[in-house]
Amino acid sequence: MNPARVRAALARRLWRVTAAADAGSSTAEAVLVTPLLVAVLLIVVLCGRLVSAQMDLDAAASAAARSASLARSDPAARAEADRTARDTLAARGVTASRSPSASPPAGCAPAAPSPYESPAPSRWPILPCSQSPVPAP
């Protein structure tokens, strides 16, 4: 037997065996990688939406602070800041699901003042609920 022919035959045989073992591996890799790529894409979109919402809120807060600083009295400053913040958010297409002046949920009562709270009144009091609106698991 000629060693060159044997070597060539072995090379052909090795190529056929390795080519057959690789069949379908790219499909399997695509099936495994595609959900990860979709998840990464969704995370990027989520981060973009969060940044956009933060920028909208920053713009509304800045406009409200600027308009409140120009008012002559405290009630006028609050009213002007509230109006300006709502106008800014509406112009940017942002809607709120609950207004800050909404009444507390049923079954909730105002909390007793905590010794750790600041003496200034808060627009957002913490309300302990006697009946949780979320059912227990």
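Which residues does T88 touch, not counting residues up to four places away in sequence? In this predicted model, T88 is found in helix α3, which runs over residues 74-91, and its contacts, counted with that exclusion, are A59, A60 and A63. T88 counts as buried because its relative accessible area is 17%, where the cut-off for buried is under 20%.

The contacts of T88 lead to helix α2, whose buried residues are D56, A59, A60, A63, A64 and S67. A59, A60 and A63, the residues that T88 touches, are therefore among the buried residues of α2, and what covers the buried residues of this helix includes α3. As a general point, an α-helix has 3.6 residues a turn, so residues three or four places apart point the same way.

Helix α2 itself takes in residues 25-69, and its length can be checked against what its residue count predicts. At 1.5 Å a residue, the 45 residues of α2 should span 66 Å, and the C-alpha atoms at its ends are 66 Å apart, so the two values agree. Along its course, α2 nevertheless bends by about 30° at V33, and a proline, P35, follows within four residues.

V33, the residue at this bend, also belongs to a nonpolar patch on the surface that it forms with L32 and L37, the three having about 310 Å² of accessible area together. V33 counts as partly exposed because its relative accessibility is 39%, a value in between the limits of under 20% for buried and over 50% for exposed.

Technical notes:
Residues numbered from 1 in each chain as written. Predicted model: local features only at pLDDT ≥ 70, side-chain atom pairs only at ≥ 80, totals over all residues. Heavy atoms only, no water. Patch = residues over 30% accessible without salt bridge, like charges linked within 9 Å, V, L, I, M, F, W, Y side chains within 5 Å. Areas by Shrake-Rupley, 256 points an atom, 1.4 Å probe, with all protein chains shown as cover. Salt bridge = Lys/Arg side-chain N within 4 Å of Asp/Glu carboxyl O. Helix = DSSP H or I, 4+ residues; strand = E, 2+ residues; numbered from the N terminus. Buried < 20%, exposed > 50% of the residue type's maximum accessible area, 1.4 Å probe, protein only. Contact = heavy atoms within 4.5 Å. Expected span 1.5 Å × (residues − 1). Bend = angle between axes of the 7 residues up to and from the residue.
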